[in-house]
There are 2 protein chains.
Amino acid sequence: MLKKRYLLTPGPTPVPPESLLAMAKPMIHHRTKQFRAYIADATKGLQKVFQTENPVITLASSGTGAMESAVCNLLSKGDKVLTVSGGKFGERWTEICKAYGVNAKVIDVEWGKAVEPDVIKSELEADPDIKAVFTTLCETSTGVRTDIKAIAELTKNHQAILVTDAISALGAEEIKMDDWNIDVVVTGSQKGLMMPPGLAFIALNDKAWKLAETSDLPKYYFNLTKANKSLTNSDTPWTPAVNLVIGLVEALNIINSEGIDNVIKRHELLAQATREAVKALGLGLLAPENPSCVVTAVKLPESIDGVELVKKLRDKYDVWVAGGQAQLKGRIIRIAHLGYMNKFDIIVGISALEMALKELGFEFELGVGVKKAEEILAG
Amino acid sequence: MLKKRYLLTPGPTPVPPESLLAMAKPMIHHRTKQFRAYIADATKGLQKVFQTENPVITLASSGTGAMESAVCNLLSKGDKVLTVSGGKFGERWTEICKAYGVNAKVIDVEWGKAVEPDVIKSELEADPDIKAVFTTLCETSTGVRTDIKAIAELTKNHQAILVTDAISALGAEEIKMDDWNIDVVVTGSQKGLMMPPGLAFIALNDKAWKLAETSDLPKYYFNLTKANKSLTNSDTPWTPAVNLVIGLVEALNIINSEGIDNVIKRHELLAQATREAVKALGLGLLAPENPSCVVTAVKLPESIDGVELVKKLRDKYDVWVAGGQAQLKGRIIRIAHLGYMNKFDIIVGISALEMALKELGFEFELGVGVKKAEEILAG
């Protein structure tokens, strides 16, 4: 039968045709007023989504590159920092710190739970020397949302800066960089920003830029001071990813036409519908207490192999969801409701899940998930 | 009048419609057999262009990122290396080494000249401790070609590895990684590979991988050992730039259908026609002795302002060439004959140059440049 692909993975996410077509336009050179206009538009559009007056730097890399840039531009060898290990992406902060000889104290959190702000409070109170707290707004490996607003209240009056990985969450979860006093926000292009992967973004406030002045770690490609200086002229130190930036301008226009508050409300609604539909099917949630608006991690019964379920959804129905990572491999699936998605993407996702589960022998009444989703999405 | 753009800059270069359309296809997820097939195809295609059996690693970054990866994966703090300062891109090697505390002995070369292999020979003989020689196949800022083959003869029997920036030259200049014993080759997507910027590539031979084992410099995003391990499964450690890789497969198909030897012959012919046409107009070449097949740097008479000429070519004729960089600003223009170009791109470039020069008051007979180009390109 005719195949039509439905991409419900937590990055890459579907790219709107406006961006795809903009990226297919003939190439232009980057050291020109024509391209600088795109950079200027992109930066303004990004500031609205970041909800910040700080410059937002665009890097040609994946999100991990922007994470590394936060570490190597802000810290010095032997600095003490806090990281949170409650999923694959929180652990990445620890790994990057380790690679640079930064001394990370790791707060262990069960996968599927969020770090308690009180734990960070105790750590900060116990050690005034801590230079940075590395957090993850949505831990994509577990679908958990962290209370960044509460943590920012703690770092505001401490010397430590708060660095937030909002790679999967920006443009989906509420995050107000300036209002909440988040010092550094990092994101990537292939999530809420609805673009292909290949661009990463980072914004720093004055407190973070001040810390950058003392950093002694080596950096070149990811030198943010240099990038920030170029950005004042809508330029970049190295060759930018020209057609991705041009596509990004279109994606940002779509996001900012809807308005960032509406974009986040839409994600909240789609996430709620997904969670309730999954529960109506008799399945559990990995993160019932702090679920994100980005991705829903669905616990599978013993009888269902998650790897097989993901494969069946993709190969038979052309509905692409993600499986579990590391210790969760085979035990969960992750359904994204992220980016260029509306009500009917959720209906498709739940419908495909119902058909695949039935085929794998899971017992439930066909249609109950979709019915529940419709109840939430109607009106 | 109707504008049609002609991109004759030394990167980005024109992108074939096959690649533009492939990049505009709906997004797919990268941790799938579908995407791994693209990575496998791209890697095989790249090996043909690199003329190597070594794995070619694809990074999501600009070429500078791949240059940095060569430094931080191969060297250790305090290591002694040689760099060549004869243009902006040779100087970049020195800057990267400095950022990492690598001790670079800089060989100074006049801009417009190539480094003499004999100079490198003396340096290598004088200091057996040198760990690496950093070179630039085509110095894009001056249009100079370096004799990498001769330098590789020297490093072959020395402990030092030879690292070649072939960012602008791969797919235009002859370079045989394996036959010539080049230890590391770096390139980017937006040059001879005919793609938009956003991808960088690096290949290492066994001698280089052996050196990588002892490197103590910090690295994470650009960790090549990790990338190489993933590549054995046609995978990447971080999210790859999905649609750029998909477009790259198309570009490589075009290149490898023509055949890398024919591609290089084509570049040699277009470069020769450009140089002779420019001379027929009464203009000089910045690099008459070692001109590259990538880009021709044209010296301008005192009466002509290079910045104004570039602007007129772009804004009035929509023919985009590059100006001079650093101390050459305003004194040269650089016409690329690079990538997705054939005979008539050269005709257009020379024709536009004639019209713009006439308008700026330069005295010559209209048409003599095009005539000379036709003589070389005919048949």
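**Two copies, each of two domains**

In this predicted model, the secondary structure of chain A amounts to 14 helices and 15 strands. The radius of gyration of chain A is 21 Å, close to the 21 Å given by the globule rule for 379 residues, so the chain is as compact as a globular protein of that length. Along its principal axes, the C-alpha trace of chain A spans about 60 × 55 × 35 Å. Of the 379 residues in chain A, 57% are buried, and among the contacts of chain A with a separation of 6 or more, 72% are between residues 24 or more positions apart.

Within chain A, the domain assignment gives a domain 1 made up of residues 6-12 together with 259-377, and a domain 2 that runs over residues 17-258. The C-alpha centres of domain 1 and domain 2 of chain A lie 27 Å apart, and where these domains meet, 27 residues of domain 1 are in contact with 29 residues of domain 2. On the side of domain 1 of chain A that touches domain 2, the elements giving two or more residues are the helix α11 (260-280) and the strand β12 (295-299) of chain A, with α11(A) providing the largest share, five residues. By class, that side of domain 1 of chain A has 16 nonpolar, 10 polar and one charged residues.

From the contact between domains we turn to the contact between chains. Here 43 residues of chain B are in contact with 43 residues of chain A. On the side of chain B that touches chain A, at least two residues each are supplied by α1 (17-23), α3 (63-74), α4 (88-99) and α10 (242-258) of chain B, and the largest share, four residues, comes from α3(B). The residues on this side of chain B divide by class into 25 nonpolar, 14 polar and four charged.

How the copies are arranged remains to be described. A turn of 180° with a shift of 0.0 Å along the axis lays chain B on chain A with an RMSD of 0.0 Å, and the two copies are thus related as by a two-fold rotation axis. In chain B, the C-alpha nearest this axis belongs to Ser61(B), at 2.4 Å from it. The interface itself fits this picture in its membership: 100% of the interface residues of chain B are also interface residues in chain A, so the copies meet through the same surface.

Key: Residues are numbered from 1 along each chain as its sequence is written. Chains are lettered from A and ligands numbered from 1 in the order in which they are written. This is a predicted model: local features need pLDDT of at least 70, side-chain atom pairs count only at pLDDT 80 or more; totals for chains, interfaces and linings use all residues. Domain bounds come from an automatic or database domain assignment. Two residues are in contact if their C-beta atoms, placed from the backbone, lie within 7 Å. Ala, Val, Leu, Ile, Met, Phe, Trp, Tyr, Cys and Pro count as nonpolar, Asp, Glu, Lys and Arg as charged, and the others, Gly among them, as polar. Copies are superposed by least squares on the C-alpha atoms of residues with pLDDT of at least 70 in both. The radius of gyration is taken over C-alpha atoms; the globule rule is 2.2 Å times the number of residues to the power 0.38. A residue is buried if 20 or more other C-beta atoms lie within 10 Å of its own, exposed if 12 or fewer, and partly exposed in between; C-beta atoms are placed from the backbone.
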